[in-house]
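Please find below a short briefing on nonpolar packing and aromatic contacts. The sequence and coordinates come before the discussion.

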Amino acid sequence: MSRSVVAGVDGSPEGLTAADWAAREALRRGLPLRLVHAWEAGLPEGAPEAGPSGLRAPQQHARQVLQRALARLGERYPRLDVTAEQVPRAPVAALLAEAADADLLVIGSQGPSGLGGFLSGAVALATVARITRPVVLVRAGLTAEAEHLPGDDGTPSAHTPYRDVAVAVDVDAPPADEVLDFAFRAAALRNAPLRAVHAWHMPFSHRLPDAEQRARAREAAENRLSDLLAPWQREYPGVVVRENLHEGRPAHVLVRAAGGAGLLVVGNCRNTGPPDARGEAAGPRTGPVGAGTAEDRTAPSGGARTALSEPRTGPGDTRAPAGAPVGTRIRPTPVRTTPVAHALIHHVRCPVALVPHD
């Protein structure tokens, strides 16, 4: 199956904004765009149209949502190859299935909680916790002009250079090649600078560090960051790289670093932890390529150590797993977040790309 950019829509402002961003990204990548909308209730797929109106409503709503989105994108991006499909599955399951063969998945980061919709914050978090492909979270209201620097007169413009791409880098963790490759490619596609952000901190000590110790620690971090980025700069010689080091907690550093950026790229670790009290494996850690994930390292014993815990089912999906007795229902597992993930989802205004890595 050929690659494409996939966008989940449900007719909300968040979904339409995500579809707009996905359309622009598909054009940058030279890929087709596929719009998907999930619905769980109503008549089975392929059933005749005749039937109670209450059962036809989900399909009719999905069709209207997709038709409006297609018309909007067709008018704005006439050169884009775009298709749409109704998916008769739960939202999280549908997104994961559609993203499996996609180059990129784009969804709204927050939005109204609606059954059959993609864009509630819980659905976004649950999807990110389980996905194995890159996913971009987009907030409502983002415009094409917001991806570009303002014009000479300070007004928004879609014809000025792109804002820089920011990527969170942890120099103390093994290199996450998938994340850096995604970030460098995103910057190259936009002909934009790449801002490599690292949150550094002094090692724990019973004594307060003096100025000389602090300067040595920062210099060591600078050297490791330069060494880590060097091979990628050789692979992408046209990308201008700016190294930014800030002392502080990753959550705070990333929110500040994202200000003024057109895209923030962070890592989404695929490694799972030991089973929790319910016998479920912890989900992937969403951290800024580690970015010195201090919150994870300092979590109290027994606390949630993962940025996003992997639920067995998506929000609102209470269907029993295969093989369970008929009629069995299960309780949806809540999604937990660390301060880093919470900050990215709720406080970063620019699109956030979460890239899975080992």
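Which residues in α5 are buried? They are Val 179, Leu 180, Phe 182, Ala 183, Phe 184, Ala 186, Ala 187 and Arg 190, where buried means under 20% relative accessible area with a 1.4 Å probe, protein chains only. This is a predicted model, in which local features need pLDDT of at least 70 and side-chain atom pairs count only at pLDDT 80 or more, while totals for chains, interfaces and linings use all residues. Residues are numbered from 1 along each chain as its sequence is written, and side-chain values use heavy atoms, with hydrogens and water left out.

**Nonpolar cores**
- In the largest nonpolar core (buried Ala, Val, Leu, Ile, Met, Phe, Trp, Tyr and Cys residues joined through side-chain atoms within 4.5 Å), which has 51 residues, Leu 33, Leu 35, Val 106, Val 167 and Val 265 touch the most other members.
- Helix α5 (residues 177–190) supplies the largest share of this core, seven residues; helices are DSSP runs of H or I, at least four residues, numbered from the N terminus.
- Apart from this core lies another of 31 residues, including Val 6, Ile 131, Val 135 and Leu 344.

**Aromatic contacts**
- Phe 184 and Trp 232 form a stacked pair, 6.3 Å centre to centre with 25° between the planes; ring centres (six-membered ring for Trp) must lie within 6.5 Å, and planes under 30 degrees apart count as stacked.
- Because Phe 184 lies in helix α5 and Trp 232 in helix α6 (residues 211–235), the pair ties together parts 48 residues apart in sequence.
- Phe 184, Trp 232 and Tyr 236 form one aromatic cluster.

Terms used. Buried < 20%, exposed > 50% of the residue type's maximum accessible area, 1.4 Å probe, protein only. Helix = DSSP H or I, 4+ residues; strand = E, 2+ residues; numbered from the N terminus. Phe/Tyr/Trp six-rings, centres within 6.5 Å; stacked < 30°, edge-to-face > 60°.
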